[in-house]
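Hi there,

I'm passing along the structure we talked about, so that you can open it while you read. My notes on what turned up in it follow below.

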Protein chains: 2
Amino acid sequence: MGDHHLSEQETVALVELMFFAYRDFVSDPDEILGTYGFGRAHHRVLHFVGRDPGMTVQQLLDILQITKQSLGRVLKELIDKGYVFQKEGEADRRQRLLYLTEAGEELRQRLMGPQISRIRRAVALPEGNAAHLYRKVLYQMVSPANRDAVLDWIGRASLPGDTQDGG
Amino acid sequence: MGDHHLSEQETVALVELMFFAYRDFVSDPDEILGTYGFGRAHHRVLHFVGRDPGMTVQQLLDILQITKQSLGRVLKELIDKGYVFQKEGEADRRQRLLYLTEAGEELRQRLMGPQISRIRRAVALPEGNAAHLYRKVLYQMVSPANRDAVLDWIGRASLPGDTQDGG
DNA sequence: TAAATATGTCAATATGGCTGACGTAATTTC
DNA sequence: GAAATTACGTCAGCCATATTGACATATTTA
């Protein structure tokens with residue numbers, strides 16, 4: 001078992017690295033978004049809709065964990081500017097299934113580009129298995145109550161060998 | 001060299017885990033802050049001032065990477081409510097050195113508690129060295145331009161064996 | 001003495017959250 | 001078939017946090 005307890009100092013360093021890493025991680029897409037008059041909220045919608053085309057509004061709300069009123073404006077802007085469109089559900093005609101337009105998919109790729117590079121750079125370390133460990137560690141950072149949903153989203157295949165509680 | 005290129009799918013999974021992990025990572029302190037009428041901005045100030053008592057306003061701005069106007073209100077509220085106080089600099093009397101009151105330090109500890117637990121839980125994995133790799137990976141996520149400042153802040157001692165570009 | 005620095009503040013603006021209320025269409029349940 | 005529930009949209013108001021630009025004051029440095 002790996003319960004070599006981290007020292008206070010080491011742990012605080014990790015807490016702070018989480019802050020610094022996230023701050024810089026979102027800085028590249030933020031800059032691109034600015035030139036479109038969009039913000040982080042638009043990025044998230046673009047990203048998740050692009051990752052699961054045809055998702056319902058409710059599914060998107062569950063992932064973002066925001067209210068429909070908050071989503072409303074952002075979604076409307078993305079639709080008005082031609083990056084997202086909606087299609088009536090076939091099985092359930094109350095649903096407005098979400099899709100990216102070509103421009104939307106292009107923008108999504110453009111926004112993700114720097115983050116992909118940053119992740120690849122970050123896990124390309126001399127040690128073997130850094131990516132695997134990083135993935136497991138980040139997964140453990142997710143609240144237990146949310147892990148099933150996250151695992152479903154990410155695709156269980158991408159966490160090979162993991163049981164539900166990540167060990 | 002460890003440039004086993006990650007697949008697109010694996011990398012996207014890491015991008016998304018970064019989002020989910022950060023979202024949950026800040027959720028515990030957010031809840032506590034709400035009961036004080038504070039927000040994330042207050043947390044950051046409390047944390048960094050507590051980590052480096054006597055820091056100047058400008059140093060805090062450099063770390064947070066926000067404008068002094070943004071900091072202004074938050075800092076004023078923390079001072080008014082008795083969590084932070086200022087002291088005129090001795091060497092340079094223009095400076096208003098920042099310190100936490102006892103209540104401030106208590107709140108800081110309380111806010112950090114859940115994050116410390118979460119990190120310790122996350123790095124307590126069967127594999128050895130998870131914490132070390134996690135630290136290196138998060139460090140690599142920081143923009144190169146900011147790494148020196150982050151390293152200075154974290155304390156170079158807490159990244160043993162690392163060269164400036166992270167080993 | 002002049003210039004630069006550290007800090008504070010006023011005003012206006014933008015973004016992205018929130019709650020609460022209300023409306024409509026479609027589906028499900030009784 | 002009527003009633004309840006669900007999926008979605010929207011209006012209104014509020015709050016937190018960020019921004020830019022301008023200006024003021026005290027202090028230090030050149």
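A phosphate oxygen of DNA strand C lies 3.3 Å from a polar backbone atom of Val57(B). Please keep in mind that this is a predicted model. Two further residues of chain B have backbone atoms placed in a similar way: a polar backbone atom of Gln58(B) is 2.8 Å from a phosphate oxygen of strand C, and for Arg96(B) the distance from a polar backbone atom to a phosphate oxygen is 3.4 Å.

Stepping back to the strand as a whole, 24 residues surround DNA strand C. The closest come from both chains: Gly39(A), Arg44(A) and Ser70(A) on one hand, Lys68(B) and Arg94(B) on the other. Sorted by class, this surface has 11 polar, 9 charged and 4 nonpolar residues. On the DNA side, sugar or phosphate accounts for 60% of the strand C atoms within 4 Å of the protein, and bases make up the rest.

Which helices supply at least two residues each to the surface near strand C? In chain A they are α3 (40-51) and α5 (68-80), and in chain B they are α4 (57-64) and α5 (68-80). The most comes from α3(A), with 4 residues.

Now to the two protein chains. Here 70 residues of chain A are in contact with 70 residues of chain B. About 6900 Å² is buried between chain A and chain B, and carbon and sulfur atoms give 70% of that area. Leu17(A), Arg120(A) and Met141(A) together supply 10% of the area that chain A buries against chain B, more than any other three residues.

As for polar links between the chains, there are 2 salt bridges across the interface. One of them joins Arg51(B) to Glu16(A), with the closest N and O atoms 2.7 Å apart. In addition, 7 residue pairs are in polar contact across the interface of chain A and chain B, counting pairs with both residues at pLDDT 80 or more.

On the chain A side of this interface, the elements giving two or more residues are α1 (8-25), α3, α4 (57-64), α6 (102-123), α7 (130-141) and α8 (144-154). With 18 residues, α1(A) gives the most. The side of chain A that touches chain B has 36 nonpolar, 19 polar and 15 charged residues. Helix α3(A) thus appears in both parts of this message: it is listed for the surface near strand C and for the side facing chain B.

Best wishes

Conventions
Residues numbered from 1 in each chain as written. Chains lettered and ligands numbered in written order. Predicted model: local features only at pLDDT ≥ 70, side-chain atom pairs only at ≥ 80, totals over all residues. Heavy atoms only, no water. Near = heavy atom within 4 Å. Polar contact = N/O pair within 3.5 Å; in protein donor to acceptor, adjacent residues only side chain to side chain. Nonpolar A, V, L, I, M, F, W, Y, C, P; charged D, E, K, R; others polar. Contact = heavy atoms within 4.5 Å. Buried area = accessible area lost by both parts, 1.4 Å probe. Salt bridge = Lys/Arg side-chain N within 4 Å of Asp/Glu carboxyl O.
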